[in-house]
Protein chains: 2
Amino acid sequence: MTGGPTRRRETRQGEAVRDALAQSEGFRSAQDVYAALRTEGENVGLSTVYRHLQALADDGDVDVIHTPEGETTYRYCGDAARRHHHHLVCRVCGRAEEIEGRAVERWAVSVADQHGYSDVDHTVEVFGTCSACQG
Amino acid sequence: MTGGPTRRRETRQGEAVRDALAQSEGFRSAQDVYAALRTEGENVGLSTVYRHLQALADDGDVDVIHTPEGETTYRYCGDAARRHHHHLVCRVCGRAEEIEGRAVERWAVSVADQHGYSDVDHTVEVFGTCSACQG
DNA sequence: CCTGGTATTGAAAACCATTCCCAATATCGG
DNA sequence: CCGATATTGGGAATGGTTTTCAATACCAGG
Ligand SMILES: [Mn+2]
Ligand SMILES: [Mn+2]
Ligand SMILES: [Zn+2]
Ligand SMILES: [Zn+2]
């Protein structure tokens with residue numbers, strides 16, 4: 001085997017899914033994307049939407065957040081997606097701002113260290129109501 | 001209406017669910033609790049397990065974490081449950097340590113403030129492998 | 001003790017996001 | 001053009017959770 005990352009074909013459906021996400025300011029679920037595509041006449045199967053979203057996530061092209069309601073939501077973050085960062089998410093409209101906090105990163109590692117935990121990882125999400133959604 | 005929090009009856013099932021959780025070091029799913037009860041001969045319906053776990057969560061007696069796999073897990077945190085805190089969770093056995101970080105709390109509020117978000121809330125979970133589960 | 005009213009239970013069905021299956025279709029190298 | 005390979009998508013299956021609702025348990029009065 002020659003190895004190397006298997007590049008995937010550029011398909012109409014894949015492009016449609018990526019575009020739909022890129023057009024959005026915030027986190028969107030697979031169902032959201034599916035509905036949006038369908039609305040604008042772009043015909044893509046639901047399974048295919050799921051597939052491409054997952055592929056995008058695997059490739060690190062989008063960020064993933066699991067909502068408390070149990071939906072998996074995706075957001076196209078551009079180049080920023082590669083750097084480790086977190087989000088400030090509007091719980092009304094889903095809009096999100098990229099945020100980072102060195103202090104938090106250090107804190108997570110140190111507190112895990114103190115308790116003898118290894119392979120440390122963490123999830124940090126800040127929720128609020130964006131200015132557009134207030135009032 | 002006279003208002004006031006509706007106290008609920010103390011039932012065998014409710015006590016069983018609470019005890020099962022209290023006996024555990026870590027976060028457990030409804031299915032886990034159901035299986036555990038069933039194993040020890042305690043007969044409680046699955047819906048009832050869900051109901052009581054939810055009630056405990058509503059009353060602030062247990063903490064809730066949604067796993068990336070989409071399961072809702074609960075942990076009895078004693079008095080600590082009332083104070084705002086976070087967890088260092090072993091991703092292998094589910095064991096959890098209570099942790100807190102003033103710096104993180106302040107950071108969350110300030111970053112939301114800077115972006116004009118209101119009603120700020122946040123989720124912070126640190127994952128790792130506990131010393132017992134290493135090697 | 002009965003007895004009617006209220007709260008709880010739990011089995012089964014409904015829900016719903018996500019995954020799986022697989023035959024039909026599209027695409028590629030030669 | 002052809003056979004090999006990859007992708008698609010409709011529908012079925014999954015699995016956690018919620019809902020439904022008839023049976024049961026519990027309560028306060030009478
Ligand atoms: Mn991002
Ligand atoms: Mn806790
Ligand atoms: Zn908003
Ligand atoms: Zn462990």
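The surface near DNA strand D, then. Its residues divide into 2 nonpolar, 12 polar and 6 charged. Keep in mind that this is a predicted model.

Who comes nearest? Of the 20 residues around strand D, the nearest are A:T11, A:T48, A:R51, B:Y50 and B:T72. Both chains appear in that list.

What part of the DNA do they meet? Take the atoms of strand D within 4 Å of the protein. Sugar or phosphate accounts for 67% of them, and bases for the rest.

Now some individual contacts, from chain A. Start with A:T48. An N or O atom in its side chain sits 2.9 Å from a phosphate oxygen of strand D. A:G45 also reaches a phosphate oxygen, at 3.1 Å, but with a backbone N or O atom. A:Q13 uses a polar side-chain atom, and its partner is a sugar or linking oxygen of strand D, 3.1 Å away.

Which elements give two or more residues to this surface? From chain A, α1 (12-22) and α3 (46-58); from chain B, α3 (46-58). The largest share comes from α3(A), with 4 residues.

On to the metals. There is a manganese ion, ligand 1, with protein donors in chain A. They are A:D63 through OD, A:C77 through SG, A:H85 and A:H87 through NE2, and A:E98 through OE. The distances run from 2.1 to 2.6 Å. Along the sequence, the spacing is D-x13-C-x7-H-x1-H-x10-E.

Look at two of those donors, A:H87 and A:E98. They link distant parts of the chain, 11 residues apart. A:H87 is in strand β4, residues 86-90, and A:E98 is in strand β5, residues 96-99.

Are these two buried or exposed? A:H87 has 3% relative accessibility, so it counts as buried. A:E98 is at 31%, so it counts as partly exposed. The cut-off for buried is under 20%.

Next, chain B. Here the manganese ion is ligand 2. Its coordinating residues are B:D63 (OD), B:C77 (SG), B:H85 (NE2), B:H87 (NE2) and B:E98 (OE). They lie at 2.1 to 2.6 Å. The donor spacing reads D-x13-C-x7-H-x1-H-x10-E.

Two histidines of this site deserve a word on accessibility. B:H85 is at 13%, and therefore counts as buried. B:H87 is at 3%, and therefore counts as buried too.

To recap. On the DNA side, α3(A) gives the largest share of the surface near strand D. On the metal side, ligand 1 has its protein donors in chain A, and ligand 2 is coordinated by residues of chain B.

Conventions
Residues numbered from 1 in each chain as written. Chains lettered and ligands numbered in written order. Predicted model: local features only at pLDDT ≥ 70, side-chain atom pairs only at ≥ 80, totals over all residues. Heavy atoms only, no water. Donors = N, O, S within 2.8 Å, 3.2 Å for Na, K, Ca; no water. Buried < 20%, exposed > 50% of the residue type's maximum accessible area, 1.4 Å probe, protein only. Near = heavy atom within 4 Å. Polar contact = N/O pair within 3.5 Å; in protein donor to acceptor, adjacent residues only side chain to side chain. Nonpolar A, V, L, I, M, F, W, Y, C, P; charged D, E, K, R; others polar.
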